[in-house]
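Here are some exercises to work through with the model open beside you. Try each task before you read its solution.

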Amino acid sequence: MAMAATVYVNGQISSERDAVVSVFDHGFLYGEGVYEVCRTYHGQPFLLDRHLTRLRASAGLIALPVPYDDTIFLDRIAETMSAAGLLPWKPGGQDAYIRVLLTRGVGELTYDPAACKTPTLVIIARPHVAPPARVYEEGVNVAIVPIQRNAPEALNPLIKSNNLLNNALAMQRALAQSGFEAVMRNHLGELAECSQSNLFVVRDGQVLTPPLRAGLLAGITRQLALEMCRKERIPFEERSLHDEELFGADEAFLTSSTREIVPIVRVDGREIGTGRPGAVVARLRQAFLAAIARHCPVTT
Ligand code: PDD
């Protein structure tokens, strides 16, 4: 592991070496848990309220009660960040990667949720590692992979679940094909999303992204990108997309909390648009920086 993490587990904060969860935790046994990833800017978690709302929604979709209010999450995150040396933040200081996990907890070997009395709460805080500058300056190649995104009726991608096998298998394929990300289709052959980010294309000045009904995570950065389009008066639409619309796009990009907005310039090694990051992506990146300045102002 590149950078040491500090971990909160059910009230105990320890170094990454000492952070443990029981093998009888249903998060480990069955992947029964939900999570969120967010990062800080200037020491402040970006859009944490939206992440916690989504965590509750994910938990609701697996019938997992969340016995904590937002203040408790906030306090625990701050405690973990302090222990990690990431708070108090000073200008020029390190920003944090924060992963919050809530699992069904420890219980008998049964799928009956009644077997687990207390959920396990884990918070991982470590210095945020941004993708290299060339990712933003030059754009990336993505691979369309044969692994389909989970069908919503089977395992709804709206659940940000710790059960990440679908995502991991897709990314394995992308890595084998030199892809920065894996683009997945749904069971209907429509483009859905990437293994750990959402997908957008730009065609004739219009920003397009697959609708939630295509089976994808309601990305916080995806939603922010759509809000920025509205604010910047860039036409946008959520609609069903296919391979041809990605290959034939003027621009394309992916979004995530840890990667922000990354220009896509090649798909399966084939250049799209000019082969360089385009003007619409540049405008959205600017708007993104403004949103950070608004939500997480530098305080001294
Ligand atoms: N990934 N789609 C999937 C499948 C994801 O796992 C993620 C987030 C996104 C983007 O969502 P957001 O903008 O809310 O981060 C889309 C996180 C960063 C991760 O797993 O590390």
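**Exercise 1. Decide whether D204 is buried or exposed, and describe its backbone.**

Start with accessibility in this predicted model: the relative accessible area of D204 is 76%. The cut-off for exposed is over 50%, so D204 is exposed. Next, place the residue: D204 sits in the loop between strand 10 (198-203) and strand 11 (206-209). Finally, look at the backbone: the phi of D204 is near 50°, a positive value in a residue other than glycine.

**Exercise 2. Carry out the steps of Exercise 1 for E260.**

E260 has a relative accessible area of 9%. Buried means under 20%, so E260 is buried. The residue belongs to strand 14 (residues 260-267). Its phi is near 60°, positive although E260 is not a glycine.

**Exercise 3. Check the length of helix 5 (residues 165-176), then find which residues form its buried face.**

Step one is the span. Helix 5 has 12 residues, and at 1.5 Å a residue these should cover 16 Å. The end C-alpha atoms lie 17 Å apart, which agrees.

Step two is burial. The buried residues of helix 5 are N166, N167, A170, M171 and A174. Viewed down the helix axis, they fall within an arc of 125°, so they line one face. The spacing follows a general pattern: an α-helix has 3.6 residues a turn, so residues three or four places apart point the same way.

Step three is the surroundings. Strand 7 (140-144) and strand 8 are among the elements that cover the buried residues of helix 5. On the face turned away from the buried side are the exposed residues L165, Q172, L175 and A176. Just after the helix, S178 has a positive phi of about 55°.

**Exercise 4. Find what the salt bridge between E36 and R54 ties together.**

The side chains of E36 and R54 meet at 2.7 Å, N to O. E36 is in strand 3 (residues 33-41) and R54 in helix 2 (residues 48-61), so the bridge ties together parts 18 residues apart in sequence. For burial, E36 has 3% relative accessibility and counts as buried; R54, at 11%, is buried as well.

**Exercise 5. Work out where the partners R39 and D95 lie.**

Their side chains form a salt bridge at 3.8 Å, N to O. R39 is in strand 3, whereas D95 is in the loop between helix 3 and strand 5, and the two are 56 residues apart. Both residues are buried.

Now compare R239 and E237, whose closest N and O atoms are 3.9 Å apart in a salt bridge. R239 is partly exposed at 26%, and E237 is partly exposed at 33%. To finish, follow shared partners: salt bridges join R39, D95, E260 and R285 into one network.

**Exercise 6. Find the nearest side chain of opposite charge to E190.**

First locate E190: the loop between strand 8 (181-185) and strand 9 (191-194). The nearest opposite charge is R213, 5.1 Å away. A salt bridge needs a distance within 4 Å, so E190, although buried, has none. Leaving aside residues up to four places away in sequence, E190 touches M184, R185, A214, S240, L241 and H242.

**Exercise 7. Identify which peptide bond near P88 is cis.**

The bond is the one joining L87 and P88, with omega about -5°. P88 lies in the loop between helix 3 (70-83) and strand 5 (96-103).

Methods: Residues are numbered from 1 along each chain as its sequence is written. This is a predicted model: local features need pLDDT of at least 70, side-chain atom pairs count only at pLDDT 80 or more; totals for chains, interfaces and linings use all residues. Side-chain values use heavy atoms; hydrogens and water are left out. Helices (H or I, at least four residues) and strands (E, at least two) are DSSP runs, numbered from the N terminus. Buried means under 20% relative accessible area, exposed over 50%, partly exposed in between (1.4 Å probe, protein chains only). Lys and Arg count as positive and Asp and Glu as negative; His and the chain ends are not counted. Contact means heavy atoms within 4.5 Å. The expected span of a helix is 1.5 Å times one less than its number of residues. The arc is that of the directions from the helix axis to the C-beta atoms.
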